[in-house]
Amino acid sequence: MTFDELSLDPRILSAVSAAGYTNPTPIQEQGIPAVLGGRDVTGIAQTGTGKTAAFVLPMIHKLGQGRAKARMPRSLILEPTRELAAQVAEQFEKYGANYKLNMALLIGGVSFGDQDKKLTAGVDVLIATPGRLMDHFERGKLLMTGVQMLVIDEADRMLDMGFIPDIERICTMLPKTRQTMLFSATMPPEITRLAKQFQKDPVRIEVSRPATAATTITQYFTHCPSNEDTIKRAVLRSIVKARLTDQAIVFCNRKREVDVVAKSLASHGFDAAPIHGDLPQSVRMATLDRFRNKDLKILVASDVAARGLDIPEVSQVFNYAPPPNSDDYVHRIGRTGRAGRTGESFTIVSPGDSRLWDAVLKRIGKDVEEYRPEGMDEAVSEARGRGPAPRRDRFDRGDRGRGGRRGNREPRPVEEATPTAEAPTASEAEEAPTEADAATETPTSDEPRKESGRRRSRGRDRKRGQSSAPKAGSETEQASEAAEPARSRRRDSDEPEGREPKFKGMGDHVPAFLLRSIERKQDA
Ligand code: AMP
């Protein structure tokens with residue numbers, strides 16, 4: 001089928017052809033006639049399927065007839081994030097280039113004044129995030145009674161972000177006679193309920209996942225010998241160095257990991273920048289723009305930040321670890337090998353990731369080839385030299401008199417055991433992150449989250465130390481050694497109150513050699 005067969009206005013067809021598209025994608029083939037025919041549509045499709053054009057093209061066609069009145073938008077598109085809203089606006093501009101449609105983008109980070117001016121002039125298309133739309137409505141600047149078409153895009157993500165109550169309120173403010181299009185990658189019960197409540201006899205269109213349909217992606221995994229983040233980062237660098245051809249996304253499971261990995265890559269000379277929900281909007285947009293304009297080679301992202309973003313032409317996807325949700329693996333690798341292009345994906349699998357990786361293999365239903373980048377072993381040994389081990393050496397050097405195993409067991413100063421942003425411990429790598437964790441992390445400043453992260457990892461270390469005897473030299477041993485100072489300090493502070501400090505002014509920080517000398521005196 002070609003676009004010409006879809007009964008779209010010639011002005012739209014020429015814009016589509018100027019964009020380089022001749023054949024509609026399956027969601028466009030089925031969705032465009034349904035929307036043109038005035039039907040409600042439930043589209044089960046994710047980004048990469050061409051779903052945006054599936055509603056944008058027929059909307060332009062319909063809005064071409066008629067004119068907008070002040071403060072009364074004629075159509076409304078709800079998007080979960082500002083980036084997605086901005087991307088849909090771009091598509092309206094591209095495909096509506098031969099029309100004189102007025103568009104307003106109501107998203108955070110843009111002044112109310114400018115947005116008000118646009119609304120007052122009258123808009124054909126209003127693209128908004130639910131929160132900002134409600135703000136405008138409550139300020140009395142907006143009348144919803146003229147909305148003839150409503151799009152609820154990325155509905156499952158709206159659910160993740162807690163927007164469903166806002167959407168329900170917005171729906172009740174719109175005329176009942178409107179046409180409603182709802183798009184969602186998945187249909188959890190809450191979204192099915194929403195569709196039932198606000199749609200009339202919708203045409204249901206389900207399209208296959210682009211990643212499973214694509215055969216142009218070659219997938220690899222790289223076994224990482226350790227759960228230590230310093231080692232994982234060394235492995236990542238080796239893979240990126242060996243395989244990056246054009247532009248890539250590095251996926252991490254948590255926001256903090258995104259920052260650390262991006263910083264680490266950049267400090268090793270790679271052109272990399274992070275994108276996650278805690279970064280200011282202006283920074284996120286600027287980073288995305290740089291990536292789209294090919295001014296940036298590597299985007300380091302979380303699943304939540306990347307979902308739905310229209311980022312064409314990624315040559316490689318690197319997974320710092322398998323995602324907690326195996327569906328996300330399919331979404332991640334679907335960023336490469338799009339539209340007939342070839343792509344590669346590389347997943348780092350550490351010992352602690354085997355359960356997640358098994359779930360991925362089960363999900364994709366096929367084996368993935370192992371890849372060992374050249375120079376990886378050397379990079380790992382070098383990283384081991386910089387990792388936690390030298391800290392023990394350093395401590396031993398300063399404590400030579402005692403020697404032997406006992407020396408290693410002495411508590412280190414607490415600061416040394418505390419994971420820092422630059423060198424998180426093995427125990428942090430083993431925290432089992434979930435998609436929900438990432439989605440619900442509130443966009444606050446980094447510090448409080450780091451604090452709570454530290455507490456969580458210590459808690460887990462304690463449990464692990466009590467319940468299992470670690471094997472000598474194993475990763476688990478390293479992790480419980482990191483927890484040791486915290487336990488030792490707790491024992492110190494459990495000592496009976498009122499006991500005289502042995503050395504005034506030193507508190508608990510009494511060097512071992514002084515302690516031994518006073519103990520010898522007391523024994524004598
Ligand atoms: P979407 O699923 O809407 O996020 O679109 C994903 C990508 O597919 C975007 O970069 C579009 O520009 C592109 N696209 C949309 N329609 C077509 C088409 N008919 N043929 C090829 N690419 C398309």
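The structure holds 18 salt bridges, and the model in which they are found is a predicted one. Its chain has 25 helices and 14 strands, and of its 524 residues, 49% count as buried. The points below begin with the charged pairs, then turn to the ligand, to one helix, to two single residues and finally to the chain as a whole.

**Salt bridges**

- Side chains of opposite charge can pair when their charged atoms come close.
- One of the pairs joins aspartate 9 to arginine 11, with 3.2 Å between the closest N and O atoms.
- The two partners differ in how they are covered, because aspartate 9, at 18% relative accessibility, falls under the 20% that marks a buried residue, whereas arginine 11 has a relative accessible area of 37% and is partly exposed.
- Lysine 255 and aspartate 278 also meet through their side chains in a salt bridge, at 3.2 Å from N to O.
- This pair links distant parts of the chain, since lysine 255 belongs to helix 12 (residues 255-267) while aspartate 278 sits in the loop between strand 10 (272-275) and helix 13 (281-292), and the two are 23 residues apart.
- Lysine 255 is buried, with a relative accessible area of 5%, and aspartate 278, at 17% relative accessibility, counts as buried as well.
- The contact between the side chains of aspartate 278 and lysine 255, at 3.2 Å, is also a polar contact.
- A further salt bridge is formed by arginine 332 and aspartate 303, whose closest N and O atoms are 2.8 Å apart.
- Here too the pair links distant parts of the chain, with arginine 332 in helix 15 (residues 326-333), aspartate 303 in helix 14 (residues 303-306), and their positions 29 residues apart.
- Both partners of this pair, arginine 332 and aspartate 303, are buried.
- Salt bridges can also join into a group, and Lys51, Asp153 and Glu154 are linked in such a network.

**The ligand and its surroundings**

- There are 13 residues around the ligand, and those that come nearest are Tyr21, Gln28, Gly48, Gly50 and Thr52.
- By type, the residues of this shell divide into three nonpolar, eight polar and two charged.
- Glutamine 28 places a polar side-chain atom 2.8 Å from a nitrogen atom of the ligand.
- In the side chain of threonine 47, an N or O atom lies 3.0 Å from an oxygen atom of the ligand.
- Glycine 50 takes part through its backbone, where a polar atom is 2.7 Å from an oxygen atom of the ligand.
- On its own the ligand has 500 Å² of accessible area, and the protein covers 84% of it.

**Helix 6**

- Which residues of helix 6 (residues 130-138) are buried? They are Pro130, Arg132, Leu133, Met134 and His136.
- The elements that cover these buried residues include strand 2 (75-78), strand 3 (103-106), helix 5 (112-121), strand 4 (125-128), helix 7 (155-160) and helix 8 (164-173).
- After helix 6 comes glycine 140, which has a positive phi, near 75°.

**Two single residues**

- Threonine 222 lies in strand 8 (residues 217-223), and at 0% relative accessibility threonine 222 counts as buried.
- Once its neighbours within four places in sequence are left aside, threonine 222 is in contact with Val235, Ile239, Thr347, Ile348, Val349, Tyr371, Pro373 and Met376.
- Proline 280 is found in the loop between strand 10 and helix 13, and the place of aspartate 278 is in the loop between strand 10 and helix 13 too.
- Proline 280 counts as partly exposed at 45% relative accessibility, because this value lies between the limits of 20% and 50%.
- How many residues apart in sequence are proline 280 and glycine 109? They are 171 residues apart in sequence, and in space their C-alpha atoms are 9.2 Å apart.

**The chain as a whole**

- Among contacts in the chain between residues at least 6 apart in sequence, 75% join residues that are at least 24 apart.
- The chain exposes about 24700 Å², of which carbon and sulfur atoms supply 50%.

Key. Residues are numbered from 1 along each chain as its sequence is written. This is a predicted model: local features need pLDDT of at least 70, side-chain atom pairs count only at pLDDT 80 or more; totals for chains, interfaces and linings use all residues. Side-chain values use heavy atoms; hydrogens and water are left out. A residue is near a molecule or strand if one of its heavy atoms lies within 4 Å of it. A polar contact is a pair of N or O atoms within 3.5 Å; within protein, one must be able to donate a hydrogen and the other to accept it, and residues adjacent in sequence count only if both atoms are side-chain atoms. Accessible areas come from the Shrake-Rupley method with a 1.4 Å probe; for residues, only the protein chains shown count as cover. Ala, Val, Leu, Ile, Met, Phe, Trp, Tyr, Cys and Pro count as nonpolar, Asp, Glu, Lys and Arg as charged, and the others, Gly among them, as polar. Buried means under 20% relative accessible area, exposed over 50%, partly exposed in between (1.4 Å probe, protein chains only). Helices (H or I, at least four residues) and strands (E, at least two) are DSSP runs, numbered from the N terminus. Contact means heavy atoms within 4.5 Å. A salt bridge is a side-chain nitrogen of Lys or Arg within 4 Å of a carboxyl oxygen of Asp or Glu.
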